[in-house]
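Dear colleague,

Please find below the structure that I am handing over to you. My findings follow it, arranged by region.

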Amino acid sequence: MKQLIDPNDIHTAAATWSGFIYQGKVALYHVLHLLNTDVNALNYSLQLDSLEDFAIVDDDINPITLHQVKAMKSNLYSAYKEAFDKLEKRLKEYPCNGAYFHISTQNEKTDAQIKAIHPTINIYNYGGNSFCQLKDINSLCEEQIALYLNNNQLAHHNNVENVSALRNGLESLICSQIIEIHANNHTCNGLTISEGAYYFIIPLENFKEKLVSDPTTILNENYFVILTKKIINNYYLEFCHDIEEEGEVTGAEKTKLANYLTQINGLDDKSLVKFIQSILPHREVKLNSILDFKNYNIDSEEFRDAFLQILHQLVESQGKIGDNLTWIGNDSLTYTATAINSSNARIKSVCRKIYENINEVDIEVPYESDKLITSSIEVESIEKELNHQTQVDKNINNVNNVTKWSNVSLITLENAKKNIK
């Protein structure tokens, strides 16, 4: 492969604001569209967060098309003008067959009006619409998957369950690529983020191989763990949109949250389950079946309104997700973030379930924690609250764990913020 472009001359967003969640889905839609319509598609590769938000490139990483993705709720042309200008500049720097702009909200200007202002840019079309809302991208991808199956003698695989499984399998190719870029960056003599984003391309042949595989092989024991990681990414994207709508978000805050998400995406299957259990010490977590996935998984309110809100409002922890994500307060006590999002009316139930999990489940919350940060619950100590209900049984199997946990307190985020440096 001859190097046509110095990757270190290209700014990549891969290191910061994980817009790749939505843009990755948009990229998948475009890949599927190419596989369905372009006879040369298998000669191409997908590049993420380098030449543009994503690009279709040849074997020499020479751009074929450039794609910029904006998942914004504004319909004002002015909100996108800077991005339009940037894409025009990119096209001049890296000439190719076309530059496409993807939007998630219908713009106040028509495609023709935008084209008149930016003649070298094309507004991407999604089967008749010039925009694609966040809520629609999954179903549009699945339509393309179903079309591919029908056109390639695989119609017997075309049912709701298989198509959904295939979509998740295809999305994992993109998610894994972003994780690999970051993982390589942290290895000895690893590539810079810019180099990794430039060189780590995904041949479209890889997507084709996934499409023609038996969908039932995707439904293996770790399928629901992979699916969980995807919904966590979706929760994260929704949270990012919410806080951006509420007010200006600094680059440092974006980077902080993106760093946390990168750590979550880098967890292996076992570590991801332990992580979820650690931030839900008051609930049982299981991911072995579709019923487990539905009934024993983290939900949107817990992850967004409790856990992410805590990470957003506190300074970045020196610890790592999946290891020891804690803060030291001005009172010299250790604070740990949780996803406990129950109302004050359920305090007794939450404490009781934490106590039961200590006895029955190997909870991976650091035992040295003094205070568990919650969205709305304040309890002086789990033991005292339990003794208000019933005497703690000291003859249980994990008595040492209960002893360590007995004086742990629950504290609201607002009060934790007053004590954490």
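Two strands are said to pair if DSSP finds at least two bridges between them. With 3 bridges, β7 and β8 pair, and they do so in the antiparallel sense. Please note that this is a predicted model.

The smaller details of this region are as follows. Thr326 stands opposite Thr336 in β8. β7 and β8 belong to an open sheet of 4 strands, whose order is β7-β8-β9-β10 and whose pairing is mixed. At its edges are β7 (326-328) and β10 (409-412), each of which pairs on one side only. From one strand to the next, the twist averages 35 degrees.

There is also an open sheet of 6 strands, in the order β5-β4-β3-β2-β1-β6, again with mixed pairing. Its edge positions are held by β5 and β6 (202-203); each has a single partner strand, so one side of each is left without a neighbour in the sheet. Helix α2 (residues 81-93) packs on this sheet and touches β3, β4 (99-103) and β5. The direction of α2 makes about 170 degrees with that of β3. Within the sheet, strand β2 (residues 54-57) is joined to strand β3 (residues 63-70) over 4 bridges, in the antiparallel sense. One residue pair can be named here: Ala55 has Leu66, in β3, as its bridge partner.

The loop between β5 (121-123) and α4 (137-151) contains Ser130. Is Ser130 buried or exposed? Its relative accessible area is 16%, and because the limit for a buried residue is under 20%, Ser130 counts as buried. The side chain of Ser130 makes a polar contact of 3.3 Å with the side chain of Asp111. When neighbours within four places in sequence are left aside, the residues in contact with Ser130 are Ile103, Asp111, Ile123, Tyr124 and Asn125.

Turning to the cysteines, how many disulfides does the structure hold? The number is 0. The case of Cys132 may be set out in full: the closest cysteine sulfur to its own is that of Cys141, at 7.7 Å, which is too far for a bond. For Cys141, the closest cysteine sulfur is in turn that of Cys132, at 7.7 Å and therefore too far for a bond. Cys132 is buried, with 1% relative accessibility, and Cys141 is likewise buried, at 0%.

The next topic is a pair of helices. Two packed helices are described by the angle between their axes and the distance between the axes. For α8 and α9, the angle is about 175 degrees and the axes are 11 Å apart. The two helices α8 and α9 are therefore roughly antiparallel to each other. On the α8 side, the residues that meet α9 are Lys229, Ile232, Asn233, Tyr236, Phe239, Ile243 and Glu244. On the α9 side, the residues are Lys254, Leu257, Ala258, Leu261, Ile264 and Asn265.

Finally, which residues of helix α10 (residues 269-279) are buried? They are Leu272, Phe275, Ile276, Gln277, Ser278 and Ile279. The elements that cover these buried residues of α10 include α8 (223-246) and α9 (251-265), together with α12 (300-313), β8 (334-337) and α13 (347-360). Strand β8 thus appears in two places in this account: it takes part in covering α10, and it pairs with β7.

Yours sincerely

Definitions and conventions:
Residues numbered from 1 in each chain as written. Predicted model: local features only at pLDDT ≥ 70, side-chain atom pairs only at ≥ 80, totals over all residues. Heavy atoms only, no water. Buried < 20%, exposed > 50% of the residue type's maximum accessible area, 1.4 Å probe, protein only. Polar contact = N/O pair within 3.5 Å; in protein donor to acceptor, adjacent residues only side chain to side chain. Contact = heavy atoms within 4.5 Å. Axes fitted to C-alpha atoms, helices over the stretch in contact; angles between N-to-C directions. Disulfide = S-S within 2.5 Å. Parallel < 35°, antiparallel > 145°, perpendicular 65-115°, else oblique.
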